[in-house]
Amino acid sequence: MKKELKAQIIESLSAQLEKTPNFYVTDIAGLNAEDTAKLRRACFEKGIKLAVVKNTLLNHVIKESGNEEMMAIGKVLEGNTAVMFTEAANAPAKLIKEFTKETKLDKPVLKGAYVQECAFIGADKIDELCSIKSREELIGDIIGLLQSPMRNVISSLQNGGGQLIAGLVKTLSEKEEQ
């Protein structure tokens, strides 16, 4: 491979990492053309960019980033490597799990992932990665938690709680008069 081509690939990978900082390193070796096409289609539908890369070039980009946590991913760069770039932190993990269940194959295999500024190494981390909530899910949970006390107050006011409040106001006003 010529130096110019390597430089272009490195530049492209660096730009992709800046654009989508969450990425999964997988092994898709052994998938036939039909299964690979299914995987690529599934990635496209979920907004995941799948790219087969040379380990040395990806390792160069990771080292160039200077990120210590990301450098842990460099340890798993052996054999065939495909990278899944994503905005949604848990989308590739869910896709891998669904795909292996659907096709009854043991591929793709998760080698490692860099998600939300944390490195996850090994296929055993797939369930942990699936349980990561997206930004939108976290915001929804927070809003739900904030609305819960308000709902309780409004519900108690609507269900006869008004009489209780009127009684409290009457008691407080009687104490002021004394």
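Which residues of E1 are buried on one side, and which on the other? Asn22, Tyr24 and Thr26 lie on one side and Phe23, Val25 and Asp27 on the other, so both faces of E1 are covered, where buried means under 20% relative accessible area, exposed over 50% and partly exposed in between (1.4 Å probe, protein chains only). Put as a count, 6 of the 6 residues of strand E1 (residues 22-27) are buried, so the strand is largely enclosed by the rest of the structure. In a regular strand the side chains alternate between the two faces of the sheet.

A word on the model itself. This is a predicted model, in which local features need pLDDT of at least 70 and side-chain atom pairs count only at pLDDT 80 or more, while totals for chains, interfaces and linings use all residues. Residues are numbered from 1 along each chain as its sequence is written, and side-chain values use heavy atoms, with hydrogens and water left out. The chain has a mean pLDDT (the predictor's confidence in each residue, from 0 to 100) of 84, and 89% of its residues reach 70 or more. Among the elements, H2 has the highest mean pLDDT, at 92, and helix H7 (residues 135-177) the lowest, at 72.

Now for the overall layout. The chain holds 7 helices and 5 strands; helices (H or I, at least four residues) and strands (E, at least two) are DSSP runs, numbered from the N terminus. Read from that end, the elements go α-β-α-β-α-α-β-α-β-β-α-α. Of the 178 residues in the chain, 37% are buried. Contact means heavy atoms within 4.5 Å, and among contacts with a separation of 6 or more, 74% are between residues 24 or more positions apart.

The 5 strands make an open sheet with antiparallel pairing, in the order E2-E3-E1-E4-E5; two strands pair if DSSP finds at least two bridges between them. Strand E2 (49-53) and strand E5 (118-121) stand at the edges with a single partner strand each, so one side of each has no neighbour in the sheet. From one strand to the next, the twist averages 20 degrees. Axes here are lines fitted to C-alpha atoms, for helices over the stretch in contact, and angles run from 0 to 180 degrees between N-to-C directions.

Two helices pack on this sheet. Helix H2 (residues 33-45) touches E2 and E3, and its direction makes about 135 degrees with that of E2. Helix H3 (residues 55-65) touches E1, E2 and E3, with its direction at about 40 degrees to that of E3. In H3, the buried residues include Asn55, Leu57, Leu58, Val61 and Ile62. An α-helix has 3.6 residues a turn, so residues three or four places apart point the same way. The cover over the buried residues of H3 includes helix H1 (3-19), E1, E2, helix H4 (68-71) and E3. After H3 comes glycine 66, whose phi is positive, near 80 degrees.

Back to E1 and its neighbours. E1 pairs with strand E3 (residues 81-86) in the antiparallel sense over 5 bridges, and in E3 the bridge partner of threonine 26 is alanine 82. E1 is also joined to strand E4 (residues 109-115) by 5 bridges, again antiparallel. In E4, tyrosine 24 has alanine 113 as its bridge partner, and aspartate 27 has valine 109.

What about the rings? The whole structure has 2 aromatic pairs; rings of Phe, Tyr and Trp (its six-membered ring) pair if their centres lie within 6.5 Å, and planes under 30 degrees apart count as stacked, over 60 as edge-to-face and the rest as tilted. Phenylalanine 23 and phenylalanine 85 form a tilted pair, 6.3 Å centre to centre with 45 degrees between the planes. Phenylalanine 23 lies in strand E1 and phenylalanine 85 in strand E3, so this pair ties together parts that are 62 residues apart in sequence. Phenylalanine 23 is buried at a relative accessible area of 0%, and phenylalanine 85 is buried at 3%. Phenylalanine 23 also forms a tilted pair with tyrosine 114, 5.8 Å centre to centre and 35 degrees between the planes. That pair links strand E1 to strand E4, with its two residues 91 apart, and both of them are buried. Ring pairs thus link Phe23, Phe85 and Tyr114 into a cluster.

Finally, the cysteines. The structure has 0 disulfides (pairs of cysteine sulfur atoms within 2.5 Å). Cysteine 118 counts as partly exposed at 36% relative accessibility, whereas cysteine 130 counts as buried at 15%.
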